[in-house]
Amino acid sequence: MRYLPLTPNDRRDMLAVIGAPSVDDLFRDVPAAAVLDRPVDLALHAGELEVERTIAAMAAKNRHSGALASFLGAGAYRHHIPASVDHLIQRSEFLTSYTPYQPEIAQGTLQYLFEFQTQVALLTGMEVANASMYDGSTACAEAVEMARRVTGRKRIILSGNLHPQYAEVVETLARLHDTDLVLNAPAPAGDEDLVPAIDKATACVVVQYPDVFGHVRDLAPIAQAAQAAGALLIVAVTEVVALGALIPPGAMGADIVVGEGQSIGVGLNYGGPYLGLFAARAKFVRQMPGRLCGETLDAEGKRGYVLTLSTREQHIRREKATSNICTNSGLCSLAFTIHLSLLGEAGLTRLAALNHARAVQLAEKLEGIKGVTLLTQGFFNEFTLKLDRDAAPVVEALVEAGVLGGVPGGRLFPLRHDCDDLLVVAATETNTDEEIDRFAAALTKVLA
Amino acid sequence: MRYLPLTPNDRRDMLAVIGAPSVDDLFRDVPAAAVLDRPVDLALHAGELEVERTIAAMAAKNRHSGALASFLGAGAYRHHIPASVDHLIQRSEFLTSYTPYQPEIAQGTLQYLFEFQTQVALLTGMEVANASMYDGSTACAEAVEMARRVTGRKRIILSGNLHPQYAEVVETLARLHDTDLVLNAPAPAGDEDLVPAIDKATACVVVQYPDVFGHVRDLAPIAQAAQAAGALLIVAVTEVVALGALIPPGAMGADIVVGEGQSIGVGLNYGGPYLGLFAARAKFVRQMPGRLCGETLDAEGKRGYVLTLSTREQHIRREKATSNICTNSGLCSLAFTIHLSLLGEAGLTRLAALNHARAVQLAEKLEGIKGVTLLTQGFFNEFTLKLDRDAAPVVEALVEAGVLGGVPGGRLFPLRHDCDDLLVVAATETNTDEEIDRFAAALTKVLA
Amino acid sequence: HEEGLIFEQGQAGRTGVDLPLPPAVRSRLGGLARKGEIGLPGLSEPQVVRHFVRLSRRNYAIDMGLYPLGSCTMKHNPRLNEKLARLPGFGDLHPMAPLSTTQGAVELIGTLAHWLKTLTGMPAVAMSPKAGAHGELCGLMAIRAAHEAAGEGATRKRVLVPESAHGTNPATAAYCGFNVDAIPATEDGRVDLGALKAKLGPDVAAIMLTNPNTCGLFERDIREIAEAIHSVGAYFYCDGANFNAIVGRVRPGDLGVDAMHINLHKTFSTPHGGGGPGSGPVVLSAALAPFAPLPWIVERDGGFELVEEPNERGDGAQSFGRMTAFHGQMGMYVRALAYMMSHGADGLAQAAADAVLAANYILASLGDVMTAPFEGPCMHEALFDDRFLKDTGVTTLDFAKAMIDEGYHPMTMYFPLVVHGAMLIEPTESESKESLDEFIAVMRRLAQAAKAGEVDRFAGAPFYAPRRRLDETAAARKPVLRWTPPAVAKAAE
Amino acid sequence: HEEGLIFEQGQAGRTGVDLPLPPAVRSRLGGLARKGEIGLPGLSEPQVVRHFVRLSRRNYAIDMGLYPLGSCTMKHNPRLNEKLARLPGFGDLHPMAPLSTTQGAVELIGTLAHWLKTLTGMPAVAMSPKAGAHGELCGLMAIRAAHEAAGEGATRKRVLVPESAHGTNPATAAYCGFNVDAIPATEDGRVDLGALKAKLGPDVAAIMLTNPNTCGLFERDIREIAEAIHSVGAYFYCDGANFNAIVGRVRPGDLGVDAMHINLHKTFSTPHGGGGPGSGPVVLSAALAPFAPLPWIVERDGGFELVEEPNERGDGAQSFGRMTAFHGQMGMYVRALAYMMSHGADGLAQAAADAVLAANYILASLGDVMTAPFEGPCMHEALFDDRFLKDTGVTTLDFAKAMIDEGYHPMTMYFPLVVHGAMLIEPTESESKESLDEFIAVMRRLAQAAKAGEVDRFAGAPFYAPRRRLDETAAARKPVLRWTPPAVAKAAE
């Protein structure tokens with residue numbers, strides 16, 4: 001078998017050195033009844049050609065975003081990723097290395113993590129960032145846990161316009177503790193006021209920016225109210241490209257900013273692996289979850305990088321750790337770092353402007369269609385339409401016309417039905433004029 | 001522009017150091033009338049997304065071999081290439097390095113060239129091999145030129161079953177010299193006798209093995225006749241996988257073996273880049289064209305590799321060189337070396353057996369079809385059918401049924417019409433039972 | 001050449017991407033357009049490519065050599081898996097696309113789930129956990145939910161964890177709101193069954209046990225442990241980090257396990273990538289299955305369905321919730337399934353056998369120059385302690401750093417905690433005998449050098465790495481976690 | 001670790017591929033089934049991957065640093081181009097597939113041809129040559145065919161080639177059956193127009209000239225040279241190796257060129273790949289176009305046709321033949337077109353300007369410590385001679401090898417032949433100013449060290465490379481060109 005270098009001769013010689021009669025003998029500590037006497041009931045080994053055929057056949061059953069005109073967002077965005085990103089992350093030295101616990105031979109990984117942390121801090125307008133979390137939703141839940149640790153309080157206020165699957169993840173974890181969770185109802189029109197709910201028992205307020213319906217809002221009033229009450233403002237960003245065009249949460253007073261980094265460098269991947277961003281005020285650094293890379297010097301005085309503050313982490317602190325996260329999204333953070341290095345200031349701001357312009361063009365096309373009301377007035381690259389009917393079958397009909405026309409409200413909020421007529425639509429630099437026209441024409445036809 | 005690192009500030013500062021008022025001033029030696037005052041009439045620079053869209057649209061207009069059931073051969077063969085091959089050849093250190101003229105920092109390239117030369121020598125059964133030529137056809141023409149040098153004679157005998165495009169390349173170059181070229185007529189039934197034509201004026205006989213119609217033949221009688229006359233036997237192999245199943249040309253007395261290495265590691269690529277193999281008897285080594293890599297020691301006595309015998313080459317010998325070849329197929333030879341290393345003895349012989357079995361299965365299916373006669377009795381993975389009609393429209397009709405059903409004789413020999421009813425058909429490990437059945441069913445229908 | 005940070009290479013206005021000018025539109029950013037600069041550096045594509053190529057060359061990797069990290073299972077990462085994960089049908093598939101357009105993706109997840117269940121002998125699997133630790137959390141949350149459903153949520157607060165456990169185990173239990181209670185080890189490196197039984201009671205929620213354990217040994221009493229745990233109504237969580245040793249040969253379901261995460265990035269070789277991404281599906285017993293997190297894969301009518309929310313058929317009604325947005329680590333699923341199908345049932349069992357054989361070969365070959373704390377064969381990792389370094393002045397850390405100068409990554413050290421100066425070596429099934437022999441020869445030479453008093457060679461190591469030993473204390477004392485423009489940094493002083 | 005040859009790592013029966021058992025069939029190999037073993041080694045996939053990763057790390061590459069090889073144009077290789085060349089529509093396309101199924105491929109070749117013709121101002125292009133030298137051959141064969149068609153094939157046997165020409169030029173002329181006649185250079189590094197004119201006559205077939213020339217200078221008298229050549233009925237072949245200096249700014253067609261090859265792997269950045277593959281299309285004047293080799297691309301009715309053989313429309317009737325099977329270097333065409341479209345007309349002109357600017361910057365910055373043989377600005381490469389090393393005991397070779405220890409690939413040396421101890425430096429447009437400044441600083445330090453008498457540092461260099469200087473004389477004296485099994489090698493002794 002192609003992956004197994006030992007030959008029958010090797011195995012025989014090695015057993016002789018060990019002094020064991022057989023490999024089975026090495027398994028002698030396993031209760032005999034539990035040792036299988038034949039292979040499990042699964043296919044036997046197969047060559048590349050056969051494996052590729054089988055799995056490619058599954059892939060071919062999917063209608064991927066590039067094959068249709070895609071306007072899907074709601075937490076995952078299709079952007080063009082330069083070819084060099086995927087080339088570089090596949091270099092053996094990055095792809096097949098372990099967590100950089102031996103810094104002398106892991107400076108490659110460590111230096112990009114330091115660059116990544118800096119990039120995330122700059123983008124979010126925060127002082128420090130960690131070396132990644134699993135994804136935006138788990139980063140959001142970790143932020144809530146951190147706010148609980150920092151404040152010692154148990155009231156958690158979630159905006160109704162936080163991505164509902166993020167809210168579910170927060171809720172699921174919050175149930176582990178004595179928590180007073182306040183989850184607002186969704187406000188598709190963008191008229192939610194969070195300030196009144198904030199009180200002295202509040203650990204944190206969690207707001208998405210832009211929110212799940214695409215609205216952008218000034219976070220400063222919420223930040224001021226939270227901080228006046230001794231609570232933290234957590235801002236979740238699901239479309240990080242927006243930070244190339246919008247005032248960063250840090251500049252409006254956020255205490256913790258979490259985000260989904262998938263838009264930059266990572267790709268859609270049917271939901272994972274993705275890249276959790278986590279940034280905070282410097283004063284909270286010892287309460288942060290996840291790995292941190294720091295600068296230091298080596299024995300010859302040369303600048304180098306190490307994982308640091310590991311006394312927060314599970315492998316040192318065990319049950320006293322700030323989270324249980326161990327493996328994170330290393331390679332995705334590399335993809336992010338490379339893509340963002342390619343973009344740079346000029347590229348990211350142009351990319352953001354282009355996304356916004358595409359979305360504006362699309363909104364202007366769609367809002368004129370009979371049966372369509374545009375709910376989102378201030379937005380980045382995503383907005384919400386109210387249709388004159390249930391959106392889910394409309395989306396299915398649009399697929400027939402070659403358009404992935406957005407995420408229906410009922411997909412996001414399946415257990416409530418007041419969102420069923422909503423359609424959340426995103427546009428990015430990958431959408432052409434022709435695609436926008438195709439969408440508008442198809443939607444007009446479907447709603448006619 | 002993404003590929004150009006100099007900024008306007010850099011350019012200004014650099015001009016100041018140079019002491020030139022402008023870049024135009026650096027072009028002052030160009031006759032003024034020849035300096036363009038505006039960009040040429042071509043599109044302006046474009047981003048990755050735009051370039052990819054344009055070029056991918058062209059690619060999408062082709063119906064590639066993987067999208068249909070492909071039975072095309074005639075000098076280029078579709079084989080499965082392990083994913084690691086393409087991964088490894090794309091490593092920066094291989095892909096973006098130059099010819100290894102500085103051996104101290106090119107041991108990576110040099111060592112694999114040494115391994116490649118050894119592999120080619122082993123496969124062909126010859127003593128030495130060079131570090132690659134452009135492709136099989138040019139290697140063949142170079143072999144003829146070498147035979148002329150070695151023998152000092154001018155008669156060149158080409159088998160009529162040599163790939164006609166190889167013969168054309170040989171002829172084209174031969175016309176540069178005072179040559180007596182004998183090109184036999186094709187013998188689709190495999191009944192060509194080359195021995196009688198060999199005389200004391202003969203520099204070489206060129207035979208393909210297996211030949212363009214798929215026939216395999218014992219080369220020993222031709223070798224003996226050639227050597228008796230003081231001529232060289234040149235054997236051209238267009239399907240190198242065959243050497244995993246067949247007696248190698250070297251064992252039958254070939255003096256020079258040339259080959260197309262595309263089948264191992266390189267892929268179809270619509271005809272290029274391909275990989276010319278060139279092997280010979282050791283006594284001819286100083287008459288060989290192309291680069292050679294040799295073993296030596298460094299100043300510390302460590303084994304290392306260098307390009308050697310460069311006194312044959314153009315950069316040293318100029319007009320006295322053994323050929324004008326400079327850039328060769330370095331990266332393709334790497335792909336070949338890796339793929340063949342993965343295969344090894346056990347893998348290559350199994351691969352060859354699998355190819356032969358597939359071809360036998362296919363031949364057995366097709367030879368029973370009304371209107372079809374199988375002309376090739378001894379073959380490897382390719383054979384020729386005689387149809388009851390012109391083959392070209394049959395091939396077009398097969399495309400409609402999702403089958404690339406072989407290369408029509410008229411495509412190979414367009415200027416003569418006695419091959420128009422022939423169909424050259426190949427099968428490899430990539431063809432499934434279903435594809436073979438599909439082909440048989442479609443051909444039955446088309447010929448009905 | 002010392003490679004600076006990207007921030008030190010930037011220049012304003014330069015970029016590594018070309019984007020068209022945005023069409024002129026009326027801005028609708030709600031008055032929140034960014035005002036100042038972000039502060040990102042401008043680099044061209046050639047600079048970026050070279051920067052990261054250069055950085056990469058400062059790393060060690062499994063593609064470069066043996067990576068003897070015990071418990072981490074650094075094995076060969078096939079490139080076929082990378083290629084398949086990048087098929088547009090998976091890589092370019094949106095998680096919120098209509099399910100009618102993602103049937104192949106659901107089929108793949110379902111197929112992988114089937115393989116995982118069959119290999120473990122367990123009836124259910126939760127696919128969405130993002131890594132091993134996340135899987136542990138998933139398992140404990142299912143256990144907690146089961147106890148809550150039985151009305152015992154408030155009383156069952158104690159989780160038993162052996163002293164030798166991975167740090168994630170106590171961290172997870174604590175994160176999940178449990179109290180951690182350590183179980184001591186026996187002289188022979190296994191859980192002390194007597195001590196364990198003494199700790200049992202109605203307040204125990206679960207035990208978290210790694211098997212093969214972190215000493216590289218199989219817990220002989222595993223079935224007795226499971227029985228004892230079950231006898232007090234608690235559940236058996238198995239840390240699956242070491243599943244590589246037994247896959248295809250032993251099914252955890254046959255050992256009495258109730259929940260076990262599977263590190264796809266260990267046993268099934270999705271690349272570690274310098275620290276992730278991983279993937280940690282959790283197989284569950286019938287008792288725990290109803291509490292698994294959503295989304296679920298359901299086999300029905302010969303096909304697979306994706307259940308994202310509790311539905312009218314009752315799927316997900318008792319689910320403890322959602323652990324992540326979307327459907328988990330699809331890209332890792334593709335790689336893992338390709339790996340499994342390539343090996344097949346026969347190849348996976350052979351891989352486990354070879355991994356165990358290789359570890360025992362190392363244990364046997366180094367037994368005369370290094371010291372092993374426990375008798376008998378090991379499973380897929382060979383554990384040594386630092387007794388052979390006694391009085392040499394060389395520490396486990398020094399010894400490990402000296403391995404770097406010999407061209408190797410250090411082994412796992414100072415873990416498990418129950419062994420003094422532990423050195424845990426896991427060669428995996430990916431190494432040839434020639435490679436193992438070369439490694440053994442180097443380790444012998446190092447052990448002999450340490451005993452011969454060549455302290456400097458160890459104390460100063462590594463000498464031949466991109467960096468000498470780094471000052472981790474200084475890094476932690478005054479953390480510098482990001483680049484700051486020199487002017488700003490200076491002003492801040 | 002010293003990485004052995006694959007042959008030294010092999011074991012019988014091991015393989016790195018899994019293939020199904022062939023179905024049982026009656027063998028039809030015509031009695032020629034192989035009997036003995038081939039002798040190939042057996043390795044597993046992990047071994048093969050690691051072997052080639054390790055080998056790669058012994059190479060220098062443009063992705064690692066500046067590669068100042070004059071005349072070789074080692075510039076950035078965008079990965080977009082690699083990606084596009086691998087699209088199945090190109091990579092998996094058979095050259096003998098029905099033309100109805102390859103229309104996109106023909107369109108791509110035609111589009112690239114259009115770009116090449118437009119950039120050079122020439123009416124035709126032969127696409128199939130496989131590399132620069134093959135392109136030279138193509139050009140000279142077209143010239144020869146044109147003379148033959150004019151009844152002068154037997155009399156025009158002389159080709160003028162400047163002393164400073166690339167070695168391929170005289171080799172090509174000789175290969176093509178011409179006699180090579182060298183033209184001397186002037187004091188200022190250019191063709192001596194007077195000497196050239198003195199050599200003209202009715203037996204001259206062509207001149208082969210590189211412009212910008214191999215001294216990195218533009219031939220000021222280029223139009224007079226063309227006129228003089230044409231006045232005796234001969235053709236002007238331009239070696240296009242240095243087209244990078246002028247692309248988008250000067251069209252060879254405007255200079256009187258009749259034929260010029262274009263190294264797609266230089267000017268248009270298809271990667272050098274450690275020695276190939278390249279691609280060398282040849283643009284042709286109207287006079288030479290009819291003689292171009294087949295296959296041809298013909299623009300007709302707004303589309304492109306591929307002409308593989310002379311046809312009834314008269315296409316190819318005068319073609320001198322075929323230079324290679326199939327259609328040339330398709331994979332390189334895709335890469336080159338992607339590169340051209342990415343730059344566009346504006347970007348290509350800017351690239352040429354930046355390349356020339358960078359070379360002049362190096363020339364100006366090193367002028368005080370190294371010696372330049374010629375006055376005035378250079379084009380895209382800076383030429384130095386070894387006068388600055390006089391009496392230091394350091395040779396050009398030593399100096400070049402010392403650059404390796406500083407982390408650079410050596411420059412081109414001892415070429416062009418007309419300059420003593422030549423050092424030809426081509427930075428290309430891919431280098432940032434920071435990179436150029438770092439290189440300049442290193443070169444200054446080296447020049448100063450040489451002058452300061454630090455001979456050992458040079459004579460022994462490189463010290464910090466995978467190998468010290470290799471014994472090339474021994475390699476050539478008794479060539480060892482392949483591995484031989486130790487037993488066989490021993491028996492042969």
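A salt bridge is a side-chain nitrogen of Lys or Arg within 4 Å of a carboxyl oxygen of Asp or Glu. I wrote that down before opening this predicted model, and my opening lookup was D24(A) with R249(C). Their closest N and O atoms are 2.8 Å apart, and the pair forms a salt bridge. That distance is within 4 Å, so the pair fits the rule.

**Entry: chain C against chain A**

Next I asked how many salt bridges cross from chain C to chain A. The rule finds 15 of them across that interface. I also looked up polar contacts here, and the count is 106 residue pairs, with both partners at pLDDT 80 or more.

Which helix of chain C gives the most to the side that touches chain A? I found helix 10 of chain C, residues 330-366, which puts in 26 residues. Then I sorted that side of chain C by residue type: 110 are nonpolar, 53 are polar and 44 are charged.

I wanted the extent of the contact too. Chain C brings 207 residues to it, and chain A brings 199. The size of an interface is often given as the accessible area lost when the parts come together, and I looked that up as well. Chain C and chain A bury about 17,200 Å² between them, with 64% of it coming from carbon and sulfur atoms. Within chain C, the residues that lose the most area to chain A are R28(C), Y175(C) and L481(C). Together these three make up 6% of what the chain C side buries.

**Entry: chain D against chain C**

I moved on to the contact between chain D and chain C, where each chain gives 27 residues. The buried area comes to about 2,200 Å², and carbon and sulfur atoms account for 41% of it. In chain D, I noted R50(D), R57(D) and M64(D) as the residues that lose the most area to chain C, together 29% of what that side buries.

How many salt bridges link chain D and chain C? I got four. I picked out E434(D) with R14(C), whose side chains meet at 3.3 Å, N to O. For polar contacts, the rule finds 15 residue pairs across this interface, again with both at pLDDT 80 or more.

I then checked which elements of chain D give two or more residues to this side, and they are helix 2 (45-56) and helix 12 (433-451). Helix 2 of chain D has the largest share, with eight residues. By type, the chain D side splits into seven nonpolar, 10 polar and 10 charged residues.

**Entry: how chains D and C are related**

Two copies of a chain are related by a rotation about an axis and a shift along it. I looked up both parts for this pair. A turn of 180° with a shift of 0.0 Å along the axis lays chain D on chain C, with an RMSD of 0.0 Å. Why note those values? Because they give the relation of a two-fold axis. In chain D, R57(D) has the C-alpha nearest the axis, at 4.2 Å from it. I also saw that both copies use the same surface, since 100% of the contact residues of chain D recur in chain C.

**Entry: backbone oddities**

Most residues other than glycine have a negative phi, and most peptide bonds are trans. I went looking for exceptions. In chain C, the bond from G276(C) to P277(C) is cis, with omega near 0°. P277(C) sits in the loop between strand 6 (259-261) and strand 7 (282-284). Another cis bond runs from L294(C) to P295(C), also with omega near 0°. I placed P295(C) in the loop between strand 7 and strand 8 (296-300) of chain C.

In chain B I noted A74(B), which is not a glycine but has a positive phi of about 55°. A74(B) is in the loop between strand 1 (69-70) and helix 4 (83-89) of chain B.

**Entry: an annotation on chain A**

Last, I checked the record for chain A. An unreviewed UniProt entry marks residues 1-440 as "domain: Glycine cleavage system P-protein N-terminal". Over that stretch I found 35% helix and 15% strand, with the end C-alpha atoms 54 Å apart.

Definitions and conventions
Residues numbered from 1 in each chain as written. Chains lettered and ligands numbered in written order. Predicted model: local features only at pLDDT ≥ 70, side-chain atom pairs only at ≥ 80, totals over all residues. Heavy atoms only, no water. Contact = heavy atoms within 4.5 Å. Buried area = accessible area lost by both parts, 1.4 Å probe. Polar contact = N/O pair within 3.5 Å; in protein donor to acceptor, adjacent residues only side chain to side chain. Helix = DSSP H or I, 4+ residues; strand = E, 2+ residues; numbered from the N terminus. Nonpolar A, V, L, I, M, F, W, Y, C, P; charged D, E, K, R; others polar. Least-squares fit on C-alpha atoms with pLDDT ≥ 70 in both. UniProt positions renumbered as here; feature names shortened; annotations may be inferred.
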